[in-house]
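I set out below what I looked up in this structure. The entries cover a helix pair, the ligand site and two backbone features.

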Amino acid sequence: MHHFAYRGNELYAEDAAIKDIAAHIGTPVYIYSAATLRRHFRVFDEALSGADHLICYAMKALSNLSILKLFGAMGSGFDIVSAGELMRCLRAGAEAKKIVFSGVGKSEEEIAAALDAGILMFNVESRPELYRIAEVARRKKVKAPVSLRVNPDLDPGTHPHISTGHRTSKFGIPLAQVFEYYAQARSLPELELVGLSTHIGSQITETGPFIEAGEKVASIVRQLKSDGIALRYLDIGGGLGIPYLEEPPPPSEYAAAILKPLKGLGVKIIAEPGRVLVGNAGILVTRVLYVKETDVKRFIVVDGAMNDLIRPVLYEAYHAIWPVRKESGRKPVIADVVGPVCESGDFFAQDREMPDPQAGELLAVMSAGAYGFVMASNYNSRARAPEVLVEGSRVHVIRERDRFEDLINREKLVELGS
Ligand SMILES: *Cc1c(COP(=O)(O)O)cnc(C)c1O
């Protein structure tokens with residue numbers, strides 16, 4: 001469910017016509033719907049309402065300050081993976097006590113910054129990291145709240161690049177070593193053992209892997225309790241998919257599935273949804289530059305490119321593509337939608353049936369809110385697209401398009417010998 005819909009033949013974001021936004025701000029442009037973002041947060045929050053819980057939005061999915069502020073105002077915490085994300089969410093008004101810090105490679109500086117801020121907990125991914133956190137805490141004469149991230153060794157059935165819960169992945173502590181890790185962590189006086197966490201992957205479209213992970217972590221929490229380690233938090237990660245092509249379970253079904261094995265553990269549940277909150281709350285609007293026909297293919301050349309949205313080539317991801325204006329009586333054609341970047345991987349769709357787009361028309365690449373703008377780059381010296389947040393009929397530019405100066409302002413033209 002989202003608030004991008006046709007009124008007559010024109011596509012709207014809430015009460016704002018996409019064509020007007022494109023006319024004022026140009027293309028390519030990311031457009032987000034505030035009502036959709038709020039609705040997704042509310043639905044997810046209500047789905048977990050049967051348990052004492054905290055949502056820590058995985059902000060790497062979409063991290064514009066205004067989006068973070070919107071979620072923070074709804075009570076969300078944040079799952080961060082870098083000092084940059086820490087500063088970003090604090091700047092947007094996040095409460096430090098609602099921040100969890102994930103990731104396999106936290107640097108000493110990042111650990112120090114998070115301790116200074118007073119975050120809720122570190123999700124620890126390895127033994128050397130555990131010792132590093134203890135060392136930094138000792139120096140700062142504080143206690144570091146830690147949770148150990150276990151790798152439940154399962155296959156979530158998603159694309160290998162976004163699968164994190166198999167034992168061959170770099171993430172988490174091996175199941176077989178979990179108790180040894182907790183014993184070790186307990187012996188370090190600088191650490192406060194507050195939780196257990198897991199995260200099995202992204203764009204997961206069935207409940208089975210979540211149930212399996214839930215059962216595995218629940219039995220660990222029980223065993224730890226009987227060993228005298230009473231945890232306060234169980235962090236179940238993120239990973240619930242959105243309908244790009246497959247239809248994932250709704251948050252209510254997901255929550256029912258994952259909460260069942262966690263009943264009676266006496267811990268607060270932390271969830272780290274990313275994609276499901278923002279994925280279909282955003283679109284990328286692009287204009288057709290040329291229609292190029294070869295003897296074997298029809299290419300719709302648009303002004304957006306892989307530097308704006310890399311998911312199609314990086315994850316073989318499917319994004320629906322809608323015309324911003326529906327024209328009646330157009331015959332469908334099979335075409336590739338490609339951008340101007342000099343790479344064969346620069347496409348939004350391949351062999352896609354669509355209603356014969358013409359040069360000058362606008363296309364909306366749907367469900368581009370998650371892992372879209374945040375992965376944008378300046379490759380080919382292209383300006384990153386602006387981001388727009390629509391709220392009813394109000395259109396807020398929440399990030400301007402890069403200017404040429406933005407592309408070169410850290411560079412130096414040095415004097416070279418000849
Ligand atoms: C990326 C990530 C998430 C969010 O994943 P989604 O699939 O976007 O929900 C949550 N937790 C951790 C640790 C992550 O790395």
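Entry 1, helix packing. I examined helix α4 (residues 83-91) and helix α5 (residues 108-117), whose axes come within 9 Å and cross at roughly 25°. Axes are lines fitted to C-alpha atoms, for helices over the stretch in contact, with angles from 0 to 180 degrees between N-to-C directions. Helices (H or I, at least four residues) and strands (E, at least two) are DSSP runs numbered from the N terminus. α4 and α5 are therefore roughly parallel to each other, a term for angles under 35 degrees. On the α4 side I find Ala 83, Leu 86 and Leu 90 in the contact, and on the α5 side Glu 110, Ala 113, Ala 114 and Ala 117; contact means heavy atoms within 4.5 Å.

Entry 2, basis. I note that this is a predicted model, in which local features need pLDDT of at least 70 and side-chain atom pairs pLDDT 80 or more, while totals for chains, interfaces and linings use all residues. Residues are numbered from 1 along each chain as its sequence is written, and side-chain values use heavy atoms, without hydrogens and water.

Entry 3, ligand. I looked up three polar contacts (pairs of N or O atoms within 3.5 Å). A polar side-chain atom of Asp 79 lies 3.2 Å from a ligand nitrogen atom. Ligand oxygen atoms are approached by backbone atoms: one of Gly 239 at 2.8 Å and one of Gly 274 at 2.9 Å. The protein buries 93% of the 390 Å² that the ligand exposes when taken alone (Shrake-Rupley method, 1.4 Å probe).

Entry 4, backbone. I find a cis peptide bond between Thr 27 and Pro 28, with omega about -5°. Pro 28 is in the loop between α1 (18-25) and β4 (29-33).

Notes. Parallel < 35°, antiparallel > 145°, perpendicular 65-115°, else oblique. Polar contact = N/O pair within 3.5 Å; in protein donor to acceptor, adjacent residues only side chain to side chain.
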